[in-house]
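Please open the structure in your viewer and keep the sequence panel beside it. We will go from one selection to the next, and at each stop you can look for what is described.

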Amino acid sequence: MGLIEHLLLPASVLCGIIMCNIIYEVTGLFSSLYIKGYAKLSNTQKVEWNNRGFSTFHAIIVAVVSFHLVVLSDLFRDESQDEMMINKTSTLSDGLFGISLGYFLSDLGMILWHFPALGGKEYLLHHGLSMYSIFLSLISGNGQFYILMVLFTESTTPFVNLRWYLDLAGKKNSKLYILNGIALFLGWLVARILLFIYFYMHMYAHFDQVRTMFPLGFYSLLVVPPMLALMNVFWFWKICKGLRKTLMKARHTK
């Protein structure tokens, strides 16, 4: 491992933390100048408002890069190299993992500092499992394909955050709120339910490679994704209930 590889992890983690701090401040500055009602929010609401700004930014970055690496590039194609898919890595994926670690550390720190205002125990569990999986894959170079698939599920985060923004702004009866709810439902169904089904199908089809991983990585791959999948199903159930309630309310107001 060369000097660049040694420096990439701490440098990318630091970049992720700095990115979160910059977007947090920019979100607050922009909102104070251009968003009516931002000044009237409580300090706790402003913290969450700005926090959701950098979570949205991170979600867009990881979703785009993950999609590129998994779908558009030839990195993980079985026929692209002699190396097994389970062992394939790249500087871009390593850097992305480090930035995501920086994000999760920043977000987790804020959640703990303001607990439980920014999220309950389920957020602590989600962030803990995410950081554990990313770090393990990053330092071992194993299973990055599957970690990228899980990171792509962050593509639903902008819809979750927009829903919170609209709710706080008193726009629950607006057409944008309804359309965002439908987009959140469809996005969650594709990115966090159907994608996990494909995740397990792909892992089963390549189990001869998966079983070559070091023991901790192998058993973590068998245990952690099902836990995240169960959380996704639970949240999807809540999204379905919320969407049904919103559509019924919109129908009665016509």
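The tour below goes from a long stretch of chain to one residue and then to a pair of helices.

This is a predicted model, in which local features need pLDDT of at least 70 and side-chain atom pairs count only at pLDDT 80 or more, while totals for chains, interfaces and linings use all residues. Residues are numbered from 1 along each chain as its sequence is written, and side-chain values use heavy atoms, with hydrogens and water left out.

Select residues 55–76, one of the spans for which UniProt, in an unreviewed entry, gives the feature "transmembrane region"; such annotations may be inferred rather than shown by experiment. This span is 82% helix and 0% strand, and its end C-alpha atoms are 27 Å apart.

Next select Ser55, which belongs to helix H2 (residues 43–72); helices here are DSSP runs of H or I with at least four residues, numbered from the N terminus. Is Ser55 buried or exposed? Ser55 is buried, because its relative accessible area is 5%, and buried means under 20% while exposed means over 50% (1.4 Å probe, protein chains only).

Now add helix H3 (residues 91–113), which packs against H2 at an angle of about 160°, with the axes 11 Å apart. H2 is therefore roughly antiparallel to H3, a term for angles over 145 degrees. Among the residues making the contact (heavy atoms within 4.5 Å) are Ser55 and His58 of H2 and Tyr103 and Asp107 of H3.

Conventions: Helix = DSSP H or I, 4+ residues; strand = E, 2+ residues; numbered from the N terminus. Axes fitted to C-alpha atoms, helices over the stretch in contact; angles between N-to-C directions. Parallel < 35°, antiparallel > 145°, perpendicular 65-115°, else oblique.
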